Amino acid sequence: MSALSDYGRPGDEGYENRTPLFESNSPALKFKVYAKCSTTKARASTMVLPHYTARTPMFMPVGTMGTMKGITTKQLEELDCHVILGNTYHLGNRPGKDLLDKAGGLHKFMNWSRGMLTDSGGFQMVSLLKLAKITEEGVEFRNPHDDSLMMLTPEMSIELQNSIGADIMMQLDDVVSSLTTGPRVEEAMHRSIRWLDRCIAAHKNPDRQNLFPIVQGGLDIKLRTCSARALSERDSPGYAIGGLSGGEAKDQFWRMVSLSTDILPENKPRYCMGVGYAEDLVVCSALGVDMYDCVFPTRTARFGNALTMSGSLSLKSGKYAKDFTPISKDCDCPTCKTYTRAYLTTVVAKENVGCHLISVHNIAFQMQLMRSIRRAILHDDFPNFVRRFMSIRFGNTVPLWIINALKSVNIDLTVADESGYLATSIDSDFKK
């Protein structure tokens, strides 16, 4: 393929007429790996869920309370979203379990016919920590909506998620910040395993909903190894890698991801929670991850930032006030087909439509990137794709953590390829 944009075009990605390399058949999830990169740990797969057949690696946009801000479910389908994410804690408060039961689940309530994943509410232990008290029974929250007390137990989390009806549910885990050290990390890891067993016992719909355990253990190699091995013994439909993307150094982040994918079953999907930056999606796919979610694409749109392969464009800055080109000439989303950077600069700070249009583009960008990754893996051209992506994203100076992570899976950016591209490292985690 002559250009990086060719990888992300809609259409045949290369799954057709292939025999799976390996697969798993859970009651509500059939996972088939059709291609593995001959250099890295990347793989391209399909995941047959009760509501949709998703292709991985994939990115899942986050609709906390059953909606992407300013975007309809029809638009999400047109943007090629396979699975979206909802938040059990917030959905349990509003619309609440009773209304969801009457509606027949969140799919019907929000008119979404494709895949859905719900988190357990456990992340609020970190984000709402001042409001939470953690015991062996569960997590006691002070509801920020009405100041009432709410006890979230493993059983309650599963009961709410059963009512929501998501294709994939997450166990309630004892979440600690990735910056936490000491005995609390080990306590949380072991408690998460105990809570997993309570979640499994409480799950009423294993024939139509999948329960994923979450690997914990912070940045401790022994603890994360112990967690991943213990969860693998439960023979779940898939597995998540949690407790990361919380401000830890990226060179620690990727090592915990890679350690987890080395241990988790090869024939099950692996989901790295809270990951959404383009470079993270590319690197973690090389490390063997299949699924991602993050609020980043839509949240950053609300600040007027549009995503491109070379980085974010700040459309609020005024820099593009006289630029009559689209956000990206290689993007075929409705925003790029119809509007210019100049127009978006005019409306982004004053009109809701500005946030809407940039959100549409940013989700389209994430979907295009994931199609690119899948197609490159299926054509066994993923190492070349990675090098082209990094050259566009960073030029000749790439963050050291990326160089280290890719070198661990046999892509050495410090050695020139056939085009002459090579990179030197910079110490910072990010390059603006």
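1. A residue is counted as buried when its relative accessible area is under 20%. By that criterion, 57% of the 432 residues of the chain are buried in this predicted model. The exposed surface of the chain comes to about 17600 Å², and carbon and sulfur atoms supply 51% of that area.

2. The overall dimensions may be considered next. The chain has a radius of gyration of 21 Å, close to the 22 Å given by the globule rule for 432 residues, so the chain is as compact as a globular protein of that length. Along the principal axes, the C-alpha atoms occupy a box of roughly 55 × 45 × 45 Å. Among contacts with a separation of 6 or more, 68% are between residues 24 or more positions apart.

3. On charge, the chain carries 50 positive and 47 negative side chains. The centres of these two sets are 4 Å apart.

4. The secondary structure consists of 16 helices and 20 strands. An open sheet is formed by 5 strands with parallel pairing, in the order β5-β16-β15-β14-β13. Its edges are β5 (58-61) and β13 (214-215); each has a single partner strand, so one side of each has no neighbour in the sheet.

5. The partner of β5 deserves a closer description. Strand β16 (residues 291-294) runs parallel to β5 and is joined to β5 by 4 bridges. Within this pair, F59 has Y292 of β16 as its bridge partner.

6. Helix α10 (residues 278-286) is mostly covered, with 9 of its 9 residues buried. These residues include the acidic E279 and D280, together with A278, L281, V282, V283, C284, S285 and A286. The cover over the buried residues of α10 includes the strands β5 and β16. It also includes the helices α9 (250-263), α14 (352-378), α15 (382-394) and α16 (400-407). Two strands of the open sheet, β5 and β16, are thus among the elements that cover α10.

7. The segment that follows α10 has a backbone feature to note. Just after the helix, G288 adopts a positive phi of about 100°.

8. A separate pairing involves strand β1 (residues 22-26) and strand β2 (residues 29-36), which run antiparallel and are joined by 5 bridges. The two strands form a hairpin, with 2 residues between them. One of the bridge pairs matches N25 with K30 of β2.

How values were computed
Residues are numbered from 1 along each chain as its sequence is written. This is a predicted model: local features need pLDDT of at least 70, side-chain atom pairs count only at pLDDT 80 or more; totals for chains, interfaces and linings use all residues. Side-chain values use heavy atoms; hydrogens and water are left out. The radius of gyration is taken over C-alpha atoms; the globule rule is 2.2 Å times the number of residues to the power 0.38. Buried means under 20% relative accessible area, exposed over 50%, partly exposed in between (1.4 Å probe, protein chains only). Contact means heavy atoms within 4.5 Å. Accessible areas come from the Shrake-Rupley method with a 1.4 Å probe; for residues, only the protein chains shown count as cover. The place of a charge is taken as NZ of Lys, CZ of Arg, CG of Asp or CD of Glu. Two strands pair if DSSP finds at least two bridges between them.
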